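The following exchange examines how a bound ligand and its surroundings are described. Each reply sets a value against the criterion that applies.

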Amino acid sequence: MLSQRLDAYPRLPLGDFPTPLQPLPRLSDWMGRPIYIKRDDLPGPTMGGNKVRKLEYLMAEALSLGARKVVTFGGLQSNHARLTAAAAVQCGIEPHLFYFERRPRQLSGNLVINELLGAKMHFIPFGGGGNASMTLEKSIRLVRLVARIVTGPHYFIPVGGHSWLGCLGYVRAALEIDAQAREMGLERAWVVLAAGTGGTLAGLMAGFALLNSPLQLLALDVGKLWLAFPASIARLAGEICAQLGTPRTFSAQNVPLIEGIYTGKRYGVPSPAGMAAVKLLARTEGILLDPIYTAKACAGMLDLIKRGRLGGQEPVIFVHTGGLPGLFAFPTGFVP
Ligand SMILES: Cc1ncc(COP(=O)(O)O)c(C=O)c1O
């Protein structure tokens with residue numbers, strides 16, 4: 001059984017699971033389609049988020065290896081970096097965060113939390129990828145090299161926790177969503193989410209495939225960050241299945257990802273449609289989205305529903321992947 005195969009890997013509990021799967025009655029009325037939300041924004045320290053599921057496996061490995069330092073990297077408002085720092089502090093490990101940008105004159109959002117946590121932030125204003133000039137894998141290899149020089153021995157976590165081990169967290173989430181959906185009569189629902197490094201998507205792809213789940217997946221790219229992104233996601237999903245003892249092949253063409261369209265200007269910059277979605281969710285359901293990931297993915301989902309491009313009348317489950325601190329990094333004037 002899949003849950004037993006997952007249990008073979010050590011996991012450090014960092015959040016309360018399962019997370020709720022809740023109906024959004026007012027938004028559903030507004031859109032004329034049943035819409036639900038999977039609250040993966042809730043679990044974990046420092047305002048939580050999707051990276052908690054990945055860090056449960058990664059930090060368990062860091063501890064088992066006796067790591068004294070943990071290193072990761074991301075964009076300035078990386079929720080992954082903030083959550084890695086929080087998880088490391090909880091484990092008594094020194095967090096080092098790399099940003100391949102200039103240090104902002106004033107820290108905001110996630111960066112404020114990093115400072116409160118005592119994380120060592122390294123700002124190196126060149127390289128690091130994230131502008132679609134290199135693949136995700138190449139970017140990870142490059143930063144790993146830089147980190148080795150700057151920090152000495154450490155446990156390295158790729159951007160976004162993008163590794164088969166971290167993504168086991170989203171195989172567990174697939175089990176959770178599949179069971180909740182069946183209980184609530186949502187077997188054929190669409191499951192919609194944001195893709196940044198694609199690990200959350202890869203974990204869900206692997207999990208649903210191994211479960212033969214009838215749930216249908218769709219991810220919306222929020223960044224135009226990586227060269228040959230679908231191929232990286234397909235490779236990772238295949239690796240996850242292989243590690244769980246059931247090899248499966250995924251092709252780049254069949255990765256359920258819409259690239260570019262809902263990204264807005266670029267990664268890290270809120271889009272008008274995204275900020276309208278933040279306002280809509282807040283004003284219909286009292287739920288806050290983040291401006292960089294979930295806002296853009298939700299805006300994409302609403303647009304696809306409006307244009308009749310998201311299946312027929314099946315229910316839709318939006319995976320809220322967190323990122324709340326990002327909301328406090330931008331002036332409210334950004335809300336159109
Ligand atoms: C709030 C939030 N949502 C979604 C994502 C995307 O997750 P992934 O990197 O697994 O695609 C991230 C991180 O990248 C995130 O911080």
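**The ligand and its shell**

Q: Which residues come nearest to the ligand?
A: In this predicted model, 14 residues are around the ligand, and Lys 51, Lys 54, Thr 197, Thr 200 and Thr 321 come nearest.

Q: What makes the pair between Thr 197 and the ligand a polar contact?
A: A polar side-chain atom of Thr 197 is 2.6 Å from a ligand oxygen atom. The cut-off for a pair of N or O atoms is 3.5 Å, so the pair qualifies.

Q: Why do Asn 79 and Thr 321 count as making polar contacts with the ligand?
A: For Asn 79, a polar side-chain atom lies 2.9 Å from an oxygen atom of the ligand. For Thr 321, an N or O atom of the side chain is 2.6 Å from a nitrogen atom of the ligand. Both pairs are within 3.5 Å and therefore meet the criterion.

Q: How much of the ligand's accessible area does the protein cover?
A: On its own the ligand has 380 Å² of accessible area, and the protein covers 98% of that.

Q: Which pocket does the ligand take up, and which elements give two or more residues to its shell?
A: The ligand takes up the space of the largest pocket. Helix 3 (51-64) and helix 8 (199-211) are the elements that give two or more residues to the shell.

Q: How do the shell residues divide by character, and from which domains are at least three drawn?
A: The shell has two nonpolar, 10 polar and two charged residues. Domain 1 (2-49 + 163-334) and domain 2 (51-161) each supply at least three residues.

Q: What is the peptide bond from Phe 17 to Pro 18 called, cis or trans?
A: This bond is cis, with omega near 0°. Pro 18 lies in the loop between helix 1 (2-7) and strand 1 (21-23).

Definitions and conventions. Residues are numbered from 1 along each chain as its sequence is written. This is a predicted model: local features need pLDDT of at least 70, side-chain atom pairs count only at pLDDT 80 or more; totals for chains, interfaces and linings use all residues. Side-chain values use heavy atoms; hydrogens and water are left out. A residue is near a molecule or strand if one of its heavy atoms lies within 4 Å of it. A polar contact is a pair of N or O atoms within 3.5 Å; within protein, one must be able to donate a hydrogen and the other to accept it, and residues adjacent in sequence count only if both atoms are side-chain atoms. Accessible areas come from the Shrake-Rupley method with a 1.4 Å probe; for residues, only the protein chains shown count as cover. On a 1 Å grid over the protein atoms alone, a cavity is a set of points where a 1.4 Å probe fits but cannot get out, and a pocket is an open set with protein on both sides within 12 Å along at least five of seven lines; lining residues have an atom within 4 Å of a point. A molecule sits in a cavity or pocket if more than half of its atoms lie within 2 Å of its grid points. Helices (H or I, at least four residues) and strands (E, at least two) are DSSP runs, numbered from the N terminus. Ala, Val, Leu, Ile, Met, Phe, Trp, Tyr, Cys and Pro count as nonpolar, Asp, Glu, Lys and Arg as charged, and the others, Gly among them, as polar. Domain bounds come from an automatic or database domain assignment.
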